[in-house]
Every structure is written in C-alpha cells, then in structure tokens.
Amino acid sequence: MRQTPAGIDVMAFRMLHESQATEAGALRDVRAEVDAVAFEGQARLLAGCALDAPLAVEGFLCARSRRSNRLVLHVTKLEFSEGD
C-alpha cells in the first residue's frame with residue numbers, strides 16, 4: 001500500500017477473475033487477470049488480507065492514466081467470500 005501526495009491510501013493489485021458465462025447457447029469458462037486499484041477503506045482492507053483471498057468486487061473501468069489506454073478496475077466495494 002502507498003499514499004498519494006494528498007495522503008490518500010492506495011492499493012494497486014492484480015486479481016484473477018474466474019466465472020462461467022453462456023455464449024452462443026453453450027456454457028463457457030471465463031478466466032482473466034484484471035488490474036485493479038482501491039482507495040482509502042478498501043485499500044486498507046486489502047492490505048490486511050492474504051494474497052489468495054477470494055473476493056467479490058464492484059467498481060468501474062477507467063483508463064490507467066491520461067497517457068494510457070490500458071483499463072484498470074477501480075474498486076468501490078469489496079467483500080471477502082468463502083473459499084471452495
């Protein structure tokens with residue numbers, strides 16, 4: 001975890017998304033790595049969790065910066081979920 005120049009806690013991380021979706025009438029396994037960033041309370045919660053902790057997150061997609069078109073998920077809500 002780090003802090004912005006304004007003193008706001010920030011946690012940049014990469015998460016593994018796994019789910020199933022129906023496409024063209026067939027069930028498909030979906031798996032992707034997603035770059036994400038969390039601020040303030042969510043960043044502090046993430047700083048204290050295990051690296052492989054299962055999470056459910058909500059947020060929005062945004063460009064990494066004004067100079068980059070790479071997408072980053074900005075986490076606005078997170079919830080720790082039970083493991084398998």
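**Exercise 1. The hairpin and its pairing.** State how many residues lie between β4 and β5 in their hairpin, then work out how the two strands run.

*Solution.* β4 and β5 form a hairpin, and two residues sit between them. Strands here are DSSP E runs of at least two residues, helices are H or I runs of at least four, and both are numbered from the N terminus. This is a predicted model: local features need pLDDT of at least 70, side-chain atom pairs count only at pLDDT 80 or more, and totals for chains, interfaces and linings use all residues. Residues are numbered from 1 along each chain as its sequence is written, and side-chain values use heavy atoms, with hydrogens and water left out.

Step 1. Strand β4 covers residues 55–65 and runs antiparallel to β5, joined by 10 bridges. Two strands pair if DSSP finds at least two bridges between them.

Step 2. Pick one position: Ala63 is opposite Leu71 in β5.

Step 3. Turn to strand β3, residues 26–39. β3 pairs with β5 (residues 68–80) in the parallel sense, over three bridges. Val37 has His74 in β5 as its bridge partner.

**Exercise 2. The whole sheet.** Give the strand order and find which strands stand at the edges.

*Solution.* Step 1. The order is β1-β2-β3-β5-β4, five strands in an open sheet with mixed pairing.

Step 2. β1 (2–3) and β4 are at the edges; each has a single partner strand, so one side of each lacks a neighbour in the sheet.

Step 3. Check the β1 end. β1 and β2 pair antiparallel over two bridges. Gln3 is opposite Asp9 in β2.

As background, strands of a sheet pair through backbone hydrogen bonds, either parallel or antiparallel.

**Exercise 3. Salt bridges.** Count the salt bridges, then describe the Arg44 pair and the Asp35 pair.

*Solution.* Step 1. Apply the rule: a side-chain nitrogen of Lys or Arg within 4 Å of a carboxyl oxygen of Asp or Glu. The count is seven salt bridges.

Step 2. Arg44 pairs with Asp9; their closest N and O atoms are 2.8 Å apart. Arg44 belongs to helix α1 (residues 40–47) and Asp9 to strand β2 (residues 9–23), so this pair ties together parts 35 residues apart in sequence. Arg44 is partly exposed at 48% relative accessibility. Asp9 is buried at 13%. The cut-offs: buried is under 20% relative accessible area, exposed is over 50%, partly exposed is in between (1.4 Å probe, protein chains only).

Step 3. Asp35 forms a salt bridge with Arg64, with closest N and O atoms 3.0 Å apart. Asp35 is in β3 and Arg64 in β4, so the pair ties together parts 29 residues apart in sequence. Asp35 is buried at 14% relative accessible area, while Arg64 is partly exposed at 45%. Salt bridges with shared partners join Arg14, Glu33, Asp35, Arg64 and Arg70 into one network.

Step 4. Add the Glu23–Arg28 salt bridge, with closest N and O atoms 2.9 Å apart. Glu23 is partly exposed at 45%, and Arg28 is partly exposed at 46%.

**Exercise 4. The nonpolar core.** List the residues of the largest nonpolar core and trace the contacts of Ala38.

*Solution.* Step 1. Define the set: buried Ala, Val, Leu, Ile, Met, Phe, Trp, Tyr and Cys residues joined through side-chain atoms within 4.5 Å.

Step 2. The largest core has 10 residues: Met11, Phe13, Met15, Ala36, Ala38, Ala43, Leu46, Leu73, Val75 and Leu78. β2, β3, α1 and β5 each give two or more residues to this core.

Step 3. Contact means heavy atoms within 4.5 Å. Leaving aside neighbours within four places in sequence, Ala38 contacts Asp9, Val10, Met11, Phe13, Ala43, Leu46 and Val75.

**Exercise 5. Cysteines and Ser68.** Find the number of disulfides, then place Ser68.

*Solution.* Step 1. A disulfide needs a pair of cysteine sulfur atoms within 2.5 Å. The structure holds zero. Cys49 is partly exposed at 24% relative accessible area, and Cys62 is partly exposed at 32%.

Step 2. Ser68 lies in β5 and is buried, at 18% relative accessibility. A polar atom of the Ser68 side chain lies 3.1 Å from the backbone nitrogen of Arg70.

Note on methods
A polar contact is a pair of N or O atoms within 3.5 Å; within protein, one must be able to donate a hydrogen and the other to accept it, and residues adjacent in sequence count only if both atoms are side-chain atoms.
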